[in-house]
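Here's a quick walk through a model you may want open on your screen. We'll start with the cysteines, then go on to the pockets and the cores.

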Amino acid sequence: GGTAGTEAPSFSMRNSYTPLRNSSDGSGNAYNRGEELQELDNKRQQTNLIVLCLAMLGLMIALMENELMWHNRNIPVMSFQLIKLFNLGVTALLFYFVLRYYSIEFELMEVSGKTVLGVTYWQAFSTSGLMSALLFETAIIAIQPLPFVNYHVHVWGLDTYCSYASDGFLAVFMFMRLYLYAPRIIAEASGLKNEKTRLIGLMNNVDISYTFIAKAMLRDSLLTLLFLFIVSVVTLSYAMLVFERPIGPATNLDLYENTVWLIIITMTTVGYGDTYPQTPLGRYVAIIAALLAVVLVALAVGSVTERLTLTRDESKVLEFIESIRNTQDRKTTAARMLQQGLKAYLKSANKTGPREAGFNGTFLSAPSFYKAALEYARIRREGVNGISTDVALTVTETSVSIRRLQTQVPHTPHTPPP
């Protein structure tokens, strides 16, 4: 515990560290704050790994006991009670390591100078923001079947009556452990939860929490989205199985593979309608699956869009490539237009003579030349460096170019067509 001070408690972000321990370890070595933070972070990671393993172990034991209970027609026997007693011991051990984990988290905050000064340990812990998280996590891990306690939960609705054994009912709600610890699993797998990132966040006034890391991974990693999708399908499918079992094979949902099919079809918004839940709790599970699918699809679309978005340098390179391509297209189209203009001029010169064809400009109204001029105008309009978007102005510019070429074309004697 801490020591009570004479001054009023105050929350302070200490700019300079005030050692909470002696300045030396007894051997004359100076106290190193960085080494202690690193040591505490290593303890936090190890403790967190133990918490995750114990939580998943307790969940699997509860599911195994529930399946054995169901196949025994929900008749409790001593072996099932021993399994639940063992699971209770696992939960007690889990609770111990949860307390140890939050104790280490508080010590990290204390060494970083983010705790209340001049108060007792429990007062400082209560004002650190960890108390509410500890109570919530304790409430989640406390949900489990108890040994020698067996009862039935009765549900009416939709013209159906369902009776659920307490072990199966509680086993479904134990899946909340997965959703509680999913951000921790994501954070530990990403490697972003360590003392270095904590210090970087502290310098920028950002809390590198599990929620922050989970948001970053959901935005940047499609594997994280796939992990959440698989977790959702597995948990919701089993919940659907438990809630639809009382009415038997009437809905074909007394088999796990059928519930997986239903949940996937529901989450992908396909909805064939060949199989659907008929119990109130089963339909609640389907509603949750549909709402959760909306969130996951939105996250997937955002992640895919982010990955397909070009960077600034990539956009510049693509723009330059398009500019080169448009320039080449304009040159090709301009050459084709001049070629058509020259053909039209020579054809008109054969009929009226070179001088008359040049002065009256009748070759400009030739369909082939005008079509080529329109195509050239379109290319210039769509190009990045296009100048003229007026067809008439384009034709005028082209006619000037053709008249300039007339001086370079040798005069040929006028020969009437045969």
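## Cysteines

Is Cys162 buried or exposed? This is a predicted model, and in it Cys162 has a relative accessible area of 1%. The cut-off for buried is under 20%, so Cys162 counts as buried. Cys53 comes out at 48% relative accessible area, which makes it partly exposed.

As for disulfides, the count is 0. For reference, a disulfide is a covalent bond between the sulfur atoms of two cysteines.

## The largest pocket

The largest pocket has a volume of about 730 Å³. It's lined by 30 residues, and Leu130, Lys193, Asp207, Ser209 and Tyr210 are the closest to its centre. Helices H2 (78-111), H4 (130-141), H6 (176-190), H7 (195-203) and H8 (210-220) each give two or more residues to that lining. The largest share, 5 residues, comes from H2.

What's the chemistry of the lining? The largest pocket has 15 nonpolar, 8 polar and 7 charged residues around it.

## The second largest pocket

Next comes the second largest pocket, with about 350 Å³ of space. Its lining holds 14 residues, and Val172, Phe173, Leu236, Ala239 and Ile288 sit nearest the centre. At least two lining residues apiece come from helix H5 (166-173), H6, helix H9 (222-244) and helix H11 (280-308).

By class, you get 13 nonpolar residues, 1 polar and no charged ones in the lining of this second largest pocket.

## A buried lysine

Lys84 lies in helix H2. Its relative accessibility is just 3%, so Lys84 counts as buried.

What does Lys84 touch, once residues up to four places away in sequence are set aside? The list is Glu65, Gln144, Pro145, Leu146, Pro147, Phe148, Val149, Asn150 and Asp167.

## Nonpolar cores

In soluble globular proteins, nonpolar side chains tend to be buried together. Here the largest nonpolar core has 63 residues, and Leu94, Val98, Tyr164, Tyr181, Phe243 and Ile263 have the most contacts inside it. H9 gives the most to this core, with 11 residues.

Take Ile263 as one of those well-connected residues. Leaving out neighbours within four places in sequence, Ile263 is in contact with Val233, Leu236, Ser237, Met240, Val285 and Ala289. There's also a second, separate core of 8 residues, among them Ala344, Ala366, Ala373 and Tyr376.

Notes. Residues numbered from 1 in each chain as written. Predicted model: local features only at pLDDT ≥ 70, side-chain atom pairs only at ≥ 80, totals over all residues. Heavy atoms only, no water. 1 Å grid on protein atoms, 1.4 Å probe; cavity = no way out; pocket = protein on both sides within 12 Å on 5 of 7 lines; lining within 4 Å. Points joined across faces, edges and corners; volume = space filled by probe spheres on them. Helix = DSSP H or I, 4+ residues; strand = E, 2+ residues; numbered from the N terminus. Nonpolar A, V, L, I, M, F, W, Y, C, P; charged D, E, K, R; others polar. Buried < 20%, exposed > 50% of the residue type's maximum accessible area, 1.4 Å probe, protein only. Contact = heavy atoms within 4.5 Å. Disulfide = S-S within 2.5 Å. Core = buried A, V, L, I, M, F, W, Y, C linked by side-chain atoms within 4.5 Å.
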